[in-house]
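Here are a few notes to read alongside the model. I hope they help as you look around.

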Amino acid sequence: MKSRISVSIYADDPITRVGLATELRQRCETELVDPPSSGRAQVVVLAPDALTTSALDLIRAVRSRDGAQAVLVLSAVSDEDLLAVVESGACSVLWRWEATGTALVQAVLRAAGGEAALPPDLLGRLLKQVGRLQQQVLRPAGLPLGGLSERERQVLRLAAEGLGTDEIAGELAYSKRTVTSVVHDITVRHQLRNRTHAVAYAIREGLI
């Protein structure tokens, strides 16, 4: 027998929570576990009244700390919040009026399998947002969509090979100050702690 997917539910509205729980309990593919931050769930379904900082922080927590996938059930989302949803690590979004039992379970199954899904209208909006970001912010700054310029990649590649600041500067014919400035810009832009963290991030994301 195929194992069931463990799911937790977070909802501000208790009626919404009961409705989601009722739908998932009826399905042989899923089993409910509580609470959402327990670390026991493979997928966490979140249905906040509004997409607040707390809701986004919970998504990040279940993703980074617990390793669970996040499915969002929303009534509305602005373009700005849409980018925040993507950045938080949520893999799927369902509109509240489309969240039937079947649609909800399908989203949970896809999430458990590592697949992402957005409603077609949200996907279109996201693509427009990414296009504007590329045209108005990244391209003028000489950055590709991945977020690192060629110079930044060169510096991090050499750092990954164990070279120090002076050695990187000599290898690339840069000043020591330039190398330090490049690493500083990367850590600030991507909210990283130090050069080691920057190298680890670039390797993990496939940027170098």
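Does Trp97 count as buried or exposed, and at what relative accessibility? Point 1 takes this up.

1. Please keep in mind that this is a predicted model. Trp97 has a relative accessibility of 58%, so Trp97 counts as exposed, the cut-off being over 50%. Trp95 is buried, because its relative accessible area of 4% falls under the 20% limit.

2. These two residues also meet each other: Trp95 and Trp97 form a stacked aromatic pair, with 5.0 Å from centre to centre and 10° between the planes. A search of the whole structure turns up one aromatic pair. One partner, Trp95, is buried, whereas Trp97 is exposed.

3. Now for the sheet. Five strands make up an open sheet with parallel pairing, and their order is S2-S1-S3-S4-S5. At the edges are strand S2 (30-32) and strand S5 (92-95), each of which pairs on one side only. From one strand to the next, the twist averages 30°.

4. Within the sheet, you may like to look at strand S1 (residues 5-11) and strand S3 (residues 43-47), which pair in the parallel sense over five bridges. Here Tyr10 stands opposite Leu46 in S3. Helix H1 (residues 14-25) packs on the sheet and touches S1, S2 and S3. The direction of helix H1 makes about 165° with that of S1.

5. One last contact to check in your viewer: Arg151 has its charged end over the ring of Tyr174, at 5.8 Å from the ring centre.

Definitions and conventions:
Residues are numbered from 1 along each chain as its sequence is written. This is a predicted model: local features need pLDDT of at least 70, side-chain atom pairs count only at pLDDT 80 or more; totals for chains, interfaces and linings use all residues. Side-chain values use heavy atoms; hydrogens and water are left out. Two strands pair if DSSP finds at least two bridges between them. Helices (H or I, at least four residues) and strands (E, at least two) are DSSP runs, numbered from the N terminus. Axes are lines fitted to C-alpha atoms, for helices over the stretch in contact, and angles run from 0 to 180 degrees between N-to-C directions. Contact means heavy atoms within 4.5 Å. Rings of Phe, Tyr and Trp (its six-membered ring) pair if their centres lie within 6.5 Å; planes under 30 degrees apart count as stacked, over 60 as edge-to-face and the rest as tilted. Buried means under 20% relative accessible area, exposed over 50%, partly exposed in between (1.4 Å probe, protein chains only). A charge sits over a ring if NZ of Lys or CZ of Arg is within 6 Å of the ring centre and within 35 degrees of the ring normal.
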